[in-house]
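Biologist: Before we discuss individual residues, I should like each label to be justified. Please set every value against its criterion.

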Amino acid sequence: AAIVADGLGFHGGYAALAEELTTEAGILSVMTRARSLHVLERTYWVCAFSINQHASICGSFGPAPPDGTPERAEWDAKKLDTATGREMPLCDCREPKHFNADVYDCELNKFDAMMSHLV
């Protein structure tokens, strides 16, 4: 429902649309609106195999490269919200973190294998 709501231009949530999609008449109505707005041709990327951000990257930006380097400038820029220009907040959750060296529990290192499996 969230993707359909985006395509139809909903900005205040999608609960009513989700309810509408529970009936055949509602689905037909939504399809008619989507067709008239030419949104059926849009492409959305849906990552159905999401990762738990709290088990990996929520609490840190990673180690900072040396000051004055191009790598540091890039690192600093990536910490900012592109819409607001403010530094993105970090999470203080206590979820255990697992990175690539923790081969089995890490969720970050499985993307290529999953994509190969899907193809």
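**Labels and their criteria**

Modeller: I begin with the contacts: among those in the protein with a separation of 6 or more, 47% are accounted for by residues 24 or more positions apart. Please bear in mind that the model is predicted.

Biologist: How many helices and strands are there in the protein?

Modeller: The protein has 5 helices and 0 strands, and the order of its elements from the N terminus is α-α-α-α-α.

Biologist: What radius of gyration does the protein have, set against a compact globule of 119 residues?

Modeller: The protein has 20 Å, whereas a compact globule of that length would have a value near 14 Å. Along the principal axes, the C-alpha atoms fill a box of roughly 60 × 35 × 30 Å. Of the 119 residues, 14% count as buried. The accessible surface comes to about 9400 Å², and carbon and sulfur atoms hold 59% of that area.

Biologist: Why is Lys-79 called buried?

Modeller: The relative accessible area of Lys-79 is 13%. The term buried requires a value under 20%, so Lys-79 is classed as buried. Lys-79 lies in the loop between α4 (70–78) and α5 (111–118). Beyond its neighbours within four places in sequence, Lys-79 is in contact with Phe-61, Arg-86, Glu-87 and Met-88.

Biologist: What makes the pair Lys-79 and Glu-87 a polar contact?

Modeller: The side chains of Lys-79 and Glu-87 are joined at 3.5 Å. The criterion is a pair of N or O atoms within 3.5 Å, and the pair is accordingly listed as a polar contact.

Biologist: Why does Ser-56 count as buried?

Modeller: Ser-56 has 5% relative accessibility. Buried means under 20%, and therefore Ser-56 counts as buried. Ser-56 is found in the loop between α3 (24–36) and α4. When residues up to four places away in sequence are not counted, Ser-56 touches Ile-51, Lys-97, His-98, Phe-99 and Leu-108.

Biologist: Why is Thr-43 assigned to its class, buried or exposed?

Modeller: The relative accessibility of Thr-43 is 74%. Exposed means over 50%, so Thr-43 counts as exposed. Thr-43 also has its place in the loop between α3 and α4. Thr-43 and Gly-7 are 36 residues apart in sequence, and their C-alpha atoms are 9.8 Å apart in space.

Biologist: How many positive and negative side chains does the protein have?

Modeller: There are 10 positive and 17 negative side chains, and the centres of the two sets lie 3 Å apart.

Note on methods:
Residues are numbered from 1 along each chain as its sequence is written. This is a predicted model: local features need pLDDT of at least 70, side-chain atom pairs count only at pLDDT 80 or more; totals for chains, interfaces and linings use all residues. Side-chain values use heavy atoms; hydrogens and water are left out. Helices (H or I, at least four residues) and strands (E, at least two) are DSSP runs, numbered from the N terminus. The radius of gyration is taken over C-alpha atoms; the globule rule is 2.2 Å times the number of residues to the power 0.38. Buried means under 20% relative accessible area, exposed over 50%, partly exposed in between (1.4 Å probe, protein chains only). Contact means heavy atoms within 4.5 Å. Accessible areas come from the Shrake-Rupley method with a 1.4 Å probe; for residues, only the protein chains shown count as cover. Lys and Arg count as positive and Asp and Glu as negative; His and the chain ends are not counted. The place of a charge is taken as NZ of Lys, CZ of Arg, CG of Asp or CD of Glu. A polar contact is a pair of N or O atoms within 3.5 Å; within protein, one must be able to donate a hydrogen and the other to accept it, and residues adjacent in sequence count only if both atoms are side-chain atoms.
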